[in-house]
Amino acid sequence: PGDEHLEVFVVHLKSKHDSDGDPNSASWRLAEATAAARIVGEVVREDPASLVAIVGDFNDTPATPPIQALLGAGLEDVHAAVPPEQRITYLREPYRSTIDYVFASPALARRLVPGSAHVLSDPTLLSGSDHAAVYATFDLSRAGAGPRREGTP
């Protein structure tokens, strides 16, 4: 209804680029992810119906502690169903991996338009970055009662 709003948090966690020369790099990313999970988690705990996304360059892969901290806070990776080979967001060899995400609160995740979560993979559009964009579409015009099924209004 008319008074709903979407809150978007954008992050860029500590790079892994200098991890060999910076043994605290992984700890730093975990601390950043844990703090972000705490902030977003508080918003969702105060209002479980809140529409919240945290997006950006998390500089870590799905199974790592920083990403698990966000999932453990109840956030959902809206690209989780995308096959791993189609989820590559860091494009430089030999480090190709998934490090960019869109995480959604449960209420927002219920509004994800089925099949809309993608990673931009058109090489002609990616020449200016070493990251591929992640995107998803959410239907904010409907009540968050549950996921919309294909072919239903």
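Is Y101 buried or exposed? Y101 is buried, at 0% relative accessibility. Buried here means under 20% relative accessible area, exposed means over 50%, and partly exposed lies in between (1.4 Å probe, protein chains only). The model is predicted, so local features need pLDDT of at least 70 and side-chain atom pairs count only at pLDDT 80 or more, while totals for chains, interfaces and linings use all residues. Residues are numbered from 1 along each chain as its sequence is written, and side-chain values use heavy atoms, with hydrogens and water left out.

The protein chain contains three helices and six strands. Both are DSSP runs, numbered from the N terminus: helices are H or I with at least four residues, and strands are E with at least two. Read from the N terminus, the order is β-α-β-α-β-β-α-β-β. Of the 153 residues in the protein chain, 40% are buried. Contacts (heavy atoms within 4.5 Å) often span the sequence: among those in the protein chain with a separation of 6 or more, 72% join residues 24 or more positions apart. The exposed area of the protein chain is about 8700 Å². Carbon and sulfur atoms supply 57% of that area. Accessible areas come from the Shrake-Rupley method with a 1.4 Å probe, and for residues only the protein chains shown count as cover.

Nonpolar cores come next. A nonpolar core is a set of buried Ala, Val, Leu, Ile, Met, Phe, Trp, Tyr and Cys residues joined through side-chain atoms within 4.5 Å. In soluble globular proteins, nonpolar side chains tend to be buried together. The largest nonpolar core holds 16 residues. Within this core, V40, I54, F58, L70, L75 and F103 touch the most other members. At least two residues each come from helix 1 (25-46), strand 2, helix 2 and strand 4. Helix 1 gives the most, with six residues. A second, separate core has 11 residues, including A53, V102, A104 and A117.

F58 deserves a closer look. F58 is buried, with a relative accessible area of 1%. Beyond its neighbours within four places in sequence, F58 is in contact with V11, L13, R29, I67, L70, I99, Y101 and F103.

Aromatic pairs were then counted. Rings of Phe, Tyr and Trp (its six-membered ring) pair if their centres lie within 6.5 Å; planes under 30 degrees apart count as stacked, over 60 as edge-to-face and the rest as tilted. The count is three aromatic pairs. One of them joins F58 and F103, which are edge-to-face, with 5.2 Å centre to centre and 90° between the planes. This pair links distant parts of the chain, 45 residues apart. F58 sits in the loop between strand 2 (51-57) and helix 2 (65-72), whereas F103 belongs to strand 4 (residues 100-104). F103 is buried, at 0% relative accessibility. F103 also pairs with Y101: the ring centres are 5.1 Å apart and the planes lie at 20°, so this pair is stacked. Ring pairs thus join F58, Y101 and F103 into a cluster.

Charged side chains form five salt bridges. A salt bridge is a side-chain nitrogen of Lys or Arg within 4 Å of a carboxyl oxygen of Asp or Glu. In one of them, the closest N and O atoms of E4 and R111 are 2.8 Å apart. E4 lies in the segment before strand 1 (6-12) and R111 in the loop between helix 3 (106-109) and strand 5 (118-119), so the bridge ties together parts that are 107 residues apart in sequence. E4 is partly exposed, at 31% relative accessibility. R111, by contrast, is buried, with a relative accessible area of 2%.

Another salt bridge joins D130 and R92, with the closest N and O atoms 3.7 Å apart. D130 is in the loop between strand 5 and strand 6 (134-135), and R92 is in the loop between strand 3 (76-77) and strand 4, so parts 38 residues apart in sequence are tied together. D130 is partly exposed, with a relative accessible area of 22%. R96 and E93 also meet in a salt bridge (3.7 Å, N to O). R96 is partly exposed at 39% relative accessibility, whereas E93 is exposed, with a relative accessible area of 61%.

Nonpolar side chains also appear at the surface. L6, V8, V10 and L140 make a nonpolar surface patch of about 350 Å². Patches are made of residues with over 30% relative accessible area and no salt bridge; like charges are joined within 9 Å, and nonpolar side chains (Val, Leu, Ile, Met, Phe, Trp, Tyr) within 5 Å. V10 is found in strand 1. V10 counts as exposed, at 65% relative accessibility.
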